[in-house]
Amino acid sequence: MADRDAVKSESFGFQAEVARLLHMMVHSVYSEREIFLRELISNAADACDRRRYEALTRPELLGDTPLEIVITIDKAAKTLTLSDTGIGMSREDLIENLGTIARSGTARFMEAVKGAETKSSAPDLIGQFGVGFYSAFMVADKVRVVSRRAGSDEAFAWESDGLGSFTVEPATRDATGTTITLHMKEDAAEFLEKYRLSSIIRTYSDHIAIPIKLTEGSEAADTVNTAKALWTRPKSEIEEKDYAEFYRHTSGLFDEPLRTLHFRAEGKLEYTCLLFTPSQAPFDLYDPERKSKVKLYVKRVFITDDCEELLPAYLRFMRGVVDAQDLALNISREMLQHNPVLAAMKKAITGKVLGDLAKMAENEPETYAKFWGQFGKVLKEGLYEDFDRRDDILKLTRFKSTGVEGWTSLGEYISRMKEGQKAIYYLTTEEGAASSPQLEGFKARGIEVLLLTDPIDDFWLGVVTEFDGKPLQSITKASSADLSALGEAKDLGEAAPETDVSRLIAVMKGVLGDSVKDIRASERLTDSPVCLVADEGDMDLRLSRMLKAHDRLNAIAPRVLEINPRHALVKQLAERSGQEGQYDTIALASQLLLDQARILEGEPLPDLPGFSKRMSDVLLRLAQ
Ligand code: ADP
Ligand code: MG
């Protein structure tokens, strides 16, 4: 076996991303450098939580050691030392955790930096993300970490000046835990002042449930923070900024919470929830695992931040903690699956969260609009995943619409429906396609159409077919254009009487053959000459495009081509369809009209060279 003591000190290069991050930290001009302390305290507190958790099954790992963080100022040596009695790090942990970027948040930070054009925006990003341990190098030009992992009697020291490499060597430490010594930069002397440090701790770390003690020289250490789990304190005692800092600590996010939901459930099940809605969608919101990030505590002991049984996937944007009274403390993470107590809690908490969203929608519509903009897509997953709560979620769902600015609800849509209108009309469309030809006849008749731009819409529309007794009807379906029953189009008038297009349609059918399912005169068009629709019973246009793009559909079913009998071009063609020697012109025009309808619909043209040739033929005729 290799004798480790023989290896005095080993040098390692930082992972390239870390080196870049450190370069930024070392040269940081970020004015709020004080956040380094928040980051280091947050790590120390997490380490204490983890030690307490491991001690649930192996009590000897904790014994009667008090969990605490002690911060010591040494002005003469210009050092600031943070010592914790947490879980500690092994040699491998030190190399892995403090030499690479494992945490996706930090990786994301680096991406954002790469994307940022000017150097000066890096400081803003530091504030937005917080960058963990490495932020120590904003205030220190040398950092030494001495750590001993719980259950081991070996200690190791990690040391670096943040300039590209670090060393790891054997060291001594009396007990389990981690000590971080910061050799402060000349211009960071303010962080060796006791009053300054205690004010920083109270600002950012008051909510930390572990005592944070501060001392200078040989004096006794004072506990600076409240050191009580925030969620156990009465709401009336908690200020908004305490909630916000706690949110940042537990979520690893750095925005302001959009909404805070703090309540205690009593009765059959006892638990406390402190849950937050972020104001910005977290970067990992669309990870395929769709994991909940809410932390589970049992009687104030941290159990896991990876518990799928607390909230359904469609509420995975929520952050915060749930502290349960009715679970056994020695519950293992595996035992959390299929646990009936947790299942009952999940049900109750889901109801509470949805109820709170409904309250927000009712009382604070502007905040709710912000929420919807960030998380609506995720919440809509619940429409097909949670049958029991479908109606509740449908009421919370908001839409863009041709009828109003901003968001609208289904209930509001119904209240604006025209007399005689029986269905809720919608168009599933790509963003910004509000000028789709299918909309024309609806617009002309003053009928509102909901514009559904999220791919997820195609999924829930497969199972939700009505709201409040009104069917949901896609306007790209042939039958939806039974518009004449809903009144005359205002701006059509006598200027654009219809032409009889039956003969033209017969000729076009001969030309286009199988590339269309049918050709019909359109009720829905006012400005455009043609458009494509799906036949009754066929799949909606966008859905079939999407499935085809993902190889879930072999071929898109032929569409119905609708032509506009009020359009000048169609009228011309209709006239010529009765004349001798016009067949070639009509054939060319028919194919180009189909090409055009496909382009407008955003569908690929199956025969690009053919299209190109048709275009030049037409241009040639113009030039002759
Ligand atoms: P994060 O806390 O988001 O994981 P950090 O950069 O703050 O990112 O810390 C990196 C990792 O280093 C932590 O996840 C943890 O594993 C380890 N670590 C940092 N400080 C300590 C500490 N005081 N005790 C034990 N482990 C620590
Ligand atoms: Mg951290």
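User: Why are R33 and D187 said to form a salt bridge?

Analyst: The closest N and O atoms of R33 and D187 are 3.2 Å apart. A salt bridge is a side-chain nitrogen of Lys or Arg within 4 Å of a carboxyl oxygen of Asp or Glu, so the pair R33 and D187 at 3.2 Å earns the name. This is a predicted model, in which local features need pLDDT of at least 70, side-chain atom pairs count only at pLDDT 80 or more, and totals for chains, interfaces and linings use all residues, while side-chain values use heavy atoms and leave out hydrogens and water. Residues are numbered from 1 along each chain as its sequence is written, with chains lettered from A and ligands numbered from 1 in the order in which they are written.

User: What makes R33 and D187 a pair that ties parts together?

Analyst: R33 sits in the loop between helix 1 (16-26) and helix 2 (35-57), and D187 in the loop between strand 7 (177-184) and helix 6 (194-205), so the pair ties together parts that are 154 residues apart in sequence. Helices (H or I, at least four residues) and strands (E, at least two) are DSSP runs, numbered from the N terminus.

User: How do you know whether R33 and D187 are buried or exposed?

Analyst: Compare each value with the limits: buried means under 20% relative accessible area, exposed over 50%, and partly exposed in between (1.4 Å probe, protein chains only). R33 has 11%, so R33 is buried, whereas D187 has 52% and is exposed.

User: What makes R91 and E92 a salt bridge?

Analyst: Their side chains meet at 3.9 Å, N to O, and that value is within 4 Å, so the pair counts. R91 is buried at 15%, while E92, at 42%, is partly exposed.

User: How far apart are the N and O of R290 and E381, and where do the two residues lie?

Analyst: They are 2.5 Å apart, N to O, in a salt bridge. R290 is in the loop between strand 11 (271-278) and strand 12 (295-298), and E381 is in helix 10 (residues 381-385), so this pair ties together parts that are 91 residues apart in sequence. E381 is buried at 7%, and R290 is partly exposed at 28%.

User: How many salt bridges are there by this rule?

Analyst: The count comes to 47. Some are linked in a network made of K509, K517, D518, R520, D535 and D538.

User: Why are strand 12 and strand 13 called a pair?

Analyst: Two strands pair if DSSP finds at least two bridges between them. Strand 12 and strand 13 (residues 301-304) have three bridges, in the antiparallel sense, so the name fits. L296 stands opposite T304 in strand 13. The two strands form a hairpin with two residues between them, and K299 in the turn has a positive phi of about 45°.

User: How do you know that strand 2 and strand 8 pair?

Analyst: Strand 2 (residues 69-74) and strand 8 (residues 212-216) share five bridges in the parallel sense, which meets the requirement of at least two, so they pair. I73 stands opposite E216 in strand 8. Both strands appear in an open sheet of nine strands, with the order 1-6-5-4-7-3-2-8-9 and mixed pairing.

User: What makes strand 1 and strand 9 edge strands?

Analyst: Strand 1 (10-13) and strand 9 (222-223) each pair on one side only.

User: Why is K78 called partly exposed?

Analyst: K78 has a relative accessible area of 40%, which lies in between the limits for buried and exposed, so K78 is partly exposed. K78 lies in the loop between strand 2 and strand 3 (79-84), and K78 has a positive phi of about 55° although it is not a glycine.
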